[in-house]
Amino acid sequence: MSRSDAPTERDEGEESDDGSRSAAGGAGSAAPDPHADDAIVEVRDLRTYYDDDGFLGDDPVKAVDGVSFDIRRGETLGLVGESGCGKTTLGRTVLGLEEATGGEVVSEGRDVASLSGRELREWQRDAQMVFQDPEASLNDRMTVGEIVREPLDAHDWGTPGERRDRVFELLDLVGLIEEHYYRYPHQFSGGQRQRVGIARALALEPEFLVLDEPVSALDVSVQARVINLLEDLQDELGLTYLFIAHDLSVVRHIADRVAVMYLGDVVELGETEAVYADPAHPYTRSLLSAIPGSHTGTDRDRVTLRGTPPSPRDPPEGCRFATRCPAKIRPDEFAHLSGTAWERLDALHTVFRERTNAETGIAERLKRRLGLAVAADDIDEVVADLFGWHPGGGSTAEGLGPDEPLLSGEARAAVESAVNAARRGDDAEATAILTDAFGSVCDERRPEEHRVGDDGRTSACVRHDSGYESPGTVMARRYGRGDD
Ligand code: SF4
């Protein structure tokens, strides 16, 4: 591709295909939710870090890192994302089961994190959790009756006779029968055990339930029955759900709105059908492309993301998705590079970054801290494979000789310089050199939420700023027509 016909990153005046510009109202605009008054729970800049006091002063794990959203009364809000993205920690922190490092969870004017005494007991009564693994979450030495009655006993609910009657009522509510009261969890199937867990969660008549992967341990046919039960209970009891799942099809079925989480942050939130039909954020587009038959708009191909998410101990400083994003913004001075060259540069950048952050052995970590060189491993081979030439040497790949290198001039010199730093064992310096040379606005700035549609839909991507092509346009060019 010649420089003249290369796609430019800042197409001034181009309208984005998701209407984000007008909705966002320009760069950095806030995203007011028109349903804010309906909120049963308001999450504001919530952070949950785990500091394990690791040897050599490890950074804390930032499991949840600055998340804000509302949960509307009576809705099911689905929370999706890859394993390890912080979904469960977020759900537990919302309930006060994990201590928040910062931010707020507000319900009816109370900040959950600051509750104590009577107010805390009230919150624990109003908000309950159903756990993923019904086998592990039920005490096998207690009968089902005792398990369901336990929260009633803990909250000194009614008289002993009333508690017993309440348990029978709850068993009936979840489709179990009276004689199940006297049985033990191991005598039940997975679906029945999850019904016991739901009955227990409902014992104190909560308004709000966090359902943490409630059907993922069940067979598909049993999943459908438990989902139907949850929907019936919601209608009958007016419940609000935060439904955590990695199965996007299940979430599409049950959730009114969906929040998409990546590396401790919510990157997109909106009405489920709108998000599934036309995802606004590059991560959502990638995630949803994995559902058979789900390809959206002009995207034809499944989007295969490079590598794995970075460690939550050291997330990227700018956009959390920047190390894997197929729509990452290129700096203007390298807009002439081909899509392949850019992608490989980005991959090399990620390799250096991951080497810097790798959980290496103690001896190697000590060496690094003492500034001693460590083996550069096979970095020369990596560069040869990526670009077709050996650092400091000639070409290696057919058709990619010195006259037609994949990288030349300034770009090649920067890679050579980074490789030299890596050879000295200084992967941090190698990373910094590539960041300086090829760093994008996506590496520098954590994107604000932009309103990208009606009903408070938001997406956190710099491409929603005016002046950039929208994520949909870029992804369609790359995965729809394949000409990038
Ligand atoms: S801000 Fe940049 S890296 Fe992040 S999702 Fe948007 S385009 Fe991708």
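Strands β9 and β10 form a hairpin with two residues between them. In the turn of this hairpin, Leu263 has a positive phi of about 45 degrees. The two strands run antiparallel, and six bridges join β9 to β10, which covers residues 265–271. One of the pairings links Tyr262 to Asp265, its bridge partner in β10. The model in which these features appear is a predicted one.

On another side of the hairpin's story stands strand β3, residues 76–80, which pairs with β9 in the parallel sense over four bridges. Here Val80 has Val260 of β9 as its bridge partner. Strand β9 thus takes part in both a parallel pairing and an antiparallel one. These pairings belong to an open sheet of eight strands, in the order β6-β7-β8-β3-β9-β10-β12-β11, and the pairing in this sheet is mixed. Its edge strands are β6 (127–130) and β11 (450–451), each of which pairs on one side only. Strand β11 is joined by two bridges to β12 (residues 458–459), and these two strands run antiparallel. Within that pair, the bridge partner of His450 in β12 is Ser459.

How many of the six residues of strand β9 are buried? Six of the six residues, 257–262, are buried, so the strand is largely enclosed by the rest of the structure. A general principle helps in reading such a strand: in a regular strand the side chains alternate between the two faces of the sheet. In β9, Arg257, Ala259 and Met261 lie on one side, while Val258, Val260 and Tyr262 lie on the other. Both faces are covered, as the residues on each side are all buried.

Val260 deserves a further look. Leaving aside residues up to four places away in sequence, Val260 touches Val80, Gly81, Val266, Val267, Glu268, His281, Tyr283, Thr284 and Leu287. Together with Leu242 and Phe243, Val260 is among the residues with the most contacts inside the largest nonpolar core, which has 86 residues. The strand that gives the most to this core is β2, with six residues. Apart from this core lies another, of 22 residues, including Leu337, Leu348, Phe352 and Ala430. As a general background, nonpolar side chains tend to be buried together in soluble globular proteins.

Strand β2 leads to a second sheet. This is an open sheet of four strands, with the order β2-β1-β4-β5 and antiparallel pairing. Strands β2 (61–72) and β5 (110–111) stand at the edges, each with a single partner strand, so one side of each is left without a neighbour in the sheet. The partner of β2 is β1 (residues 39–50), and the two pair in the antiparallel sense over nine bridges. In this pairing, Ala39 stands opposite Arg72 of β2.

The helices offer further examples of burial. In helix α2 (residues 87–95), eight of the nine residues are buried, so this helix is largely enclosed by the rest of the structure. The buried residues of α2 are Lys87, Thr88, Thr89, Leu90, Gly91, Thr93, Val94 and Leu95. Gly96 follows α2 and has a positive phi, near 85 degrees.

Helix α5 (residues 144–154) contains Glu146. Is Glu146 buried, exposed or partly exposed? Glu146 counts as partly exposed, because it has 15 C-beta neighbours inside 10 Å, whereas a buried residue would need 20 or more. Glu146 and Arg183 are 37 residues apart in sequence, and their C-alpha atoms are 9.8 Å apart in space.

The model also contains a ligand. Of the 13 residues around the ligand, Cys319, Cys325, Cys442, Cys461 and Val462 come nearest. The shell around the ligand has eleven nonpolar residues, two charged residues and no polar residues.

Finally, the chain may be considered as a whole. It has 18 helices and twelve strands, and buried residues make up 42% of its 484 residues. Among contacts with a separation of 6 or more, 68% are between residues 24 or more positions apart. Confidence varies along the chain: the average pLDDT is 82, and 81% of the residues score at least 70. Over residues 1–30, pLDDT stays under 50, and the model has 54 contacts beyond four places in sequence for this stretch. Residues 397–403 also have pLDDT under 50, with eight contacts beyond four places in sequence.

Notes: Residues numbered from 1 in each chain as written. Predicted model: local features only at pLDDT ≥ 70, side-chain atom pairs only at ≥ 80, totals over all residues. Near = placed C-beta within 6 Å. Nonpolar A, V, L, I, M, F, W, Y, C, P; charged D, E, K, R; others polar. Pairing = 2+ DSSP bridges. pLDDT = per-residue confidence, 0-100. Contact = placed C-beta atoms within 7 Å. Buried ≥ 20, exposed ≤ 12 C-beta atoms within 10 Å, placed from the backbone. Core = buried A, V, L, I, M, F, W, Y, C linked by C-beta atoms within 7 Å.
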